[in-house]
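Grab a pencil and have the viewer open. Here are some exercises, each with a worked solution to check yourself against.

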Amino acid sequence: MLHIQVIHGPNLNLLGLREPEIYGSQTLEGINQALQNSAQQLGVAVDCFQSNSEGALVDCIQAAWGGKDGILINPGAYTHTSIALRDAIAAVGLPTVEVHLSNIHRREPFRHQSYLAPVALGQICGFGAQSYQLGLQALVQYLRSADPASSPR
Ligand code: CA2
């Protein structure tokens with residue numbers, strides 16, 4: 001069975017509690033539960049992790065190496081600042097999909113650049129909590145096409 005590491009970056013623990021006009025009303029717990037439901041439907045296993053600390057996020061990416069097949073990550077504001085997260089993803093070499101709730105390209109110019117996008121398979125943004133669902137589907141499809149033996153069908 002495929003194992004996916006889901007990673008949420010800084011402040012995403014506040015989802016549903018603050019600024020619902022920008023980030024929606026769903027809580028992080030709700031997003032994780034919806035991902036678990038989809039994972040069950042897809043026949044994959046998902047582990048979810050959130051931290052406000054850049055180092056803890058790097059540790060989680062490193063720990064995925066060897067045990068997980070892919071990474072689904074919303075790096076939060078570290079998207080636009082973190083060479084450390086980019087280097088960790090490049091170092092472990094796991095297929096990674098970057099997701100964002102908001103469309104970072106129609107927001108402030110400082111959000112238009114992602115340090116992670118060049119080392120990710122792709123980026124999905126602007127669909128609210130649905131971005132995570134789309135990202136999970138894309139990642140699982142990619143992993144199954146890369147390794148047909150991992151398909152349950
Ligand atoms: O749109 C996204 O998913 C972001 O990754 C969210 C980050 C932002 O810095 C990125 O540019 C785009 C911010 C996450 C903050 O989450 C909050 C949630 C509720 C209340 C306050 C912040």
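**Warm-up: the surface**

The chain has an accessible surface of about 7700 Å², and carbon and sulfur atoms hold 50% of that area. Keep in mind that you're looking at a predicted model.

**Exercise 1.** How many helices and strands does the chain have, and in what pattern do they follow each other?

*Solution.* Start by counting: there are 5 helices and 5 strands. Next, walk along the sequence and write down each element as you meet it, which gives β-α-α-β-α-β-α-β-β-α.

**Exercise 2.** What radius of gyration would a compact globule with 153 residues have, and what does the chain have?

*Solution.* Step one: for 153 residues, the compact-globule value is near 15 Å. Step two: the chain comes out at 14 Å, so the two agree. For another view, the C-alpha atoms fill a box of roughly 45 × 30 × 25 Å along the principal axes. Now look inside: 43% of the 153 residues are buried. Finally, take the contacts with a separation of 6 or more: 75% of them link residues 24 or more positions apart.

**Exercise 3.** What should helix α5 span, at 1.5 Å a residue?

*Solution.* Helix α5 covers residues 130–146, which is 17 residues. The expected span is 1.5 Å times one less than the number of residues, and that gives 24 Å for α5. The end C-alpha atoms of α5 are 24 Å apart, so expectation and model agree.

Next, find the buried residues of α5; among them are L136, L139, V140 and L143. Here's a handy rule: an α-helix has 3.6 residues a turn, so residues three or four places apart point the same way. What do the buried residues of α5 pack against? They pack against the strands β1, β2, β3, β4 and β5, along with helix α2.

**Exercise 4.** Is L85 buried or exposed?

*Solution.* First place L85: it sits in helix α4, residues 83–92. Buried means under 20% relative accessible area. L85 has 0% relative accessibility, so it counts as buried. Who touches L85? Leaving out neighbours within four places in sequence, its contacts are E54, L57, V58, I61, P75, Y78 and L116. Check one of them: E54 is 31 residues from L85 in sequence, yet their C-alpha atoms are 7.6 Å apart.

**Exercise 5.** What is the phi of N11, and what is that of E19?

*Solution.* N11 has a positive phi of about 75°, though it isn't a glycine. E19 isn't a glycine either, and its phi is also positive, near 50°. Now locate them: N11 lies in the loop between β1 and α1, and E19 is found in the loop between β1 and α1 too. Last step: E19 has a relative accessible area of 43%, so it is partly exposed.

Definitions and conventions: Residues are numbered from 1 along each chain as its sequence is written. This is a predicted model: local features need pLDDT of at least 70, side-chain atom pairs count only at pLDDT 80 or more; totals for chains, interfaces and linings use all residues. Side-chain values use heavy atoms; hydrogens and water are left out. Helices (H or I, at least four residues) and strands (E, at least two) are DSSP runs, numbered from the N terminus. The radius of gyration is taken over C-alpha atoms; the globule rule is 2.2 Å times the number of residues to the power 0.38. Buried means under 20% relative accessible area, exposed over 50%, partly exposed in between (1.4 Å probe, protein chains only). Contact means heavy atoms within 4.5 Å. Accessible areas come from the Shrake-Rupley method with a 1.4 Å probe; for residues, only the protein chains shown count as cover.
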